[in-house]
Amino acid sequence: MEVLIYESPEAAALQAADIVQHTLHEVDAPVLGLATGSSPLLTYRELIRRYRLGELSFAGATAFLLDEYVGLSDGHPEAYRTFIERELVDHIDLSVTSVHAPPVADDALRNGLEQYDEAIRLAGGIDVQLLGIGSDGHIGFNEPGSSLRSRTRMKTLTGATRSDNARFFGGDVTAVPHHVVTQGIGTILEARRLVLIATGTAKAQPVAAAVEGPLSAMVPASALQLHPNATVVLDDRAAAELRQAEYYREVQSRKPAWQQP
Ligand code: GLP
C-alpha cells in the first residue's frame, strides 16, 4: 500500500486529481469508480478546474457510484446520484447516461443486486476507484462486520454512520435512511487501482486502523491491505496516528519520477 501525506487537504486533492488524470490519459474508455461524501469534494473541484483549462477530458469515460441510499425520492438533494451530478458530472464532459448508480428500487432489492457487479464487469472493470473512509472504518457503506468478499448488496447503517451523515440532512438524524446499497468489499477490491482520500483529525484513528492495524472485517477499509495497487492520500491531520508516518514520508520524497502518480 502506498501512503502519501500532504500538508493540507488541498494538496492531497491535487495528488488524487493527478491519479485520475493519469488514468484518463492512459486508458481508452476509462471506467471511474466515484465516491460521494465530503472527502473527494476538493478532488472533484480540481478535476473540474483542469477540465475547464482543457487539461483533461472525460469524453468516452464511464462511471460507477460506490453506494446509494434506499428510500430517498428521485432527485433528492442528498441522493448520491444527485450529489455526484451536482458536484462533478454537471460541470464536465461526462454524459449523465454514462454514470451508473447502484439500483435501489424495491424490485431490484428483491431480485438481487448482482446486476450492478455484472454491469461493472461488462464495462471492463473499474480502472480507478476513489474512496473515503467512515469514522468507523467503513468503505462505501460496508459497515464493520461486512464480509471482506462481499458483493454489491443492501446494508443497514449503524447509528454512528447515520449520526455522522445527519449533517447532510440539516442535522436531522431521523431523515437519514436506514438502508443503503453499496458495492461490496470484494467488488471494490476488483478495481485495478484504489485511491482512498482522508483528511482531518476525525479520520486519524480509522486511517491508522485501516493502514497499520490487522486485516479485519471490523475495519472494512483494512481490506485495502489485500489490494496490489492501493494509494492512501492523506493530509497531516489524518496521518497523525500512523506509527510509520516518517517512513511513508521518506518513501514519498524518494518516489522515482517514472512511477505512476
Ligand atoms: C459516507 C459514504 C462513504 C464515505 C464516508 C465518509 O457515509 N458512504 O462513501 O467515504 O461515509 O464520508 P465523508 O467523506 O463525508 O467523511
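In what order do the 7 strands of the open sheet with parallel pairing stand?

1. The model discussed here is a predicted one, and the question above is a good place to enter it. The order of the 7 strands in this open sheet is S1-S10-S9-S6-S2-S3-S5, and their pairing is parallel. Strand S1, residues 2-6, and strand S5, residues 99-100, stand at the edges, where each has a single partner strand, so one side of each is left without a neighbour in the sheet. As general background, the strands of a sheet pair through backbone hydrogen bonds, in either a parallel or an antiparallel way.

2. Within this sheet, the pairing can be followed from strand S2 (31-34) through S3 to the edge strand S5. S2 and strand S3, which spans residues 62-65, pair in the parallel sense over 4 bridges, and Leu34 stands opposite Leu65 in S3. S3 is in turn joined to S5 by 2 bridges, and these strands also run parallel; here Ala63 stands opposite Val99 in S5.

3. Strand S2 deserves a closer look, together with the loop that leads to it. Both of its faces are covered, since Val31 and Gly33 on one side and Leu32 and Leu34 on the other are all buried. In the loop between helix H1 (9-26) and strand S2 lies Ala29, whose phi is near 50 degrees, a positive value in a residue other than glycine. For context, most residues other than glycine have a negative phi.

4. The model also has an open sheet of 3 strands, with the order S4-S8-S7 and antiparallel pairing. Strand S4 (67-69) and strand S7 (153-156) stand at its edges, each with a single partner strand, so one side of each is left without a neighbour in the sheet. On average, neighbouring strands of this sheet are turned by 30 degrees against each other, direction ignored. S4 and strand S8, residues 179-182, pair in the antiparallel sense over 3 bridges, and the bridge partner of Tyr69 in S8 is Val180.

5. Strand S8 is also the place of Thr182. Is Thr182 buried or exposed? Thr182 has a relative accessibility of 0% and therefore counts as buried. A polar atom of the Thr182 side chain lies 2.9 Å from the backbone nitrogen of Phe141.

6. The ligand is surrounded by 14 residues, of which the closest are Ser38, Ser39, Asp67, Arg167 and Lys203. The residues of this shell divide into 4 nonpolar, 7 polar and 3 charged. Among the polar contacts, a polar side-chain atom of Lys203 lies 2.6 Å from an oxygen atom of the ligand, while a polar side-chain atom of Asn165 lies 2.9 Å from an oxygen atom of the ligand. Gly140 takes part through its backbone, with an N or O atom 3.2 Å from a nitrogen atom of the ligand. The protein covers 95% of the 390 Å² of accessible area that the ligand has on its own.

7. A last point concerns helix H8 (residues 204-212), which is the place of Ala209. The relative accessibility of Ala209 is 21%, so this residue counts as partly exposed, the cut-off for buried being under 20%. Ala209 and Asp136 are 73 residues apart along the chain, and their C-alpha atoms are separated by 9.7 Å.

Terms used:
Residues are numbered from 1 along each chain as its sequence is written. This is a predicted model: local features need pLDDT of at least 70, side-chain atom pairs count only at pLDDT 80 or more; totals for chains, interfaces and linings use all residues. Side-chain values use heavy atoms; hydrogens and water are left out. A residue is near a molecule or strand if one of its heavy atoms lies within 4 Å of it. A polar contact is a pair of N or O atoms within 3.5 Å; within protein, one must be able to donate a hydrogen and the other to accept it, and residues adjacent in sequence count only if both atoms are side-chain atoms. Accessible areas come from the Shrake-Rupley method with a 1.4 Å probe; for residues, only the protein chains shown count as cover. Ala, Val, Leu, Ile, Met, Phe, Trp, Tyr, Cys and Pro count as nonpolar, Asp, Glu, Lys and Arg as charged, and the others, Gly among them, as polar. Two strands pair if DSSP finds at least two bridges between them. Axes are lines fitted to C-alpha atoms, for helices over the stretch in contact, and angles run from 0 to 180 degrees between N-to-C directions. Buried means under 20% relative accessible area, exposed over 50%, partly exposed in between (1.4 Å probe, protein chains only).
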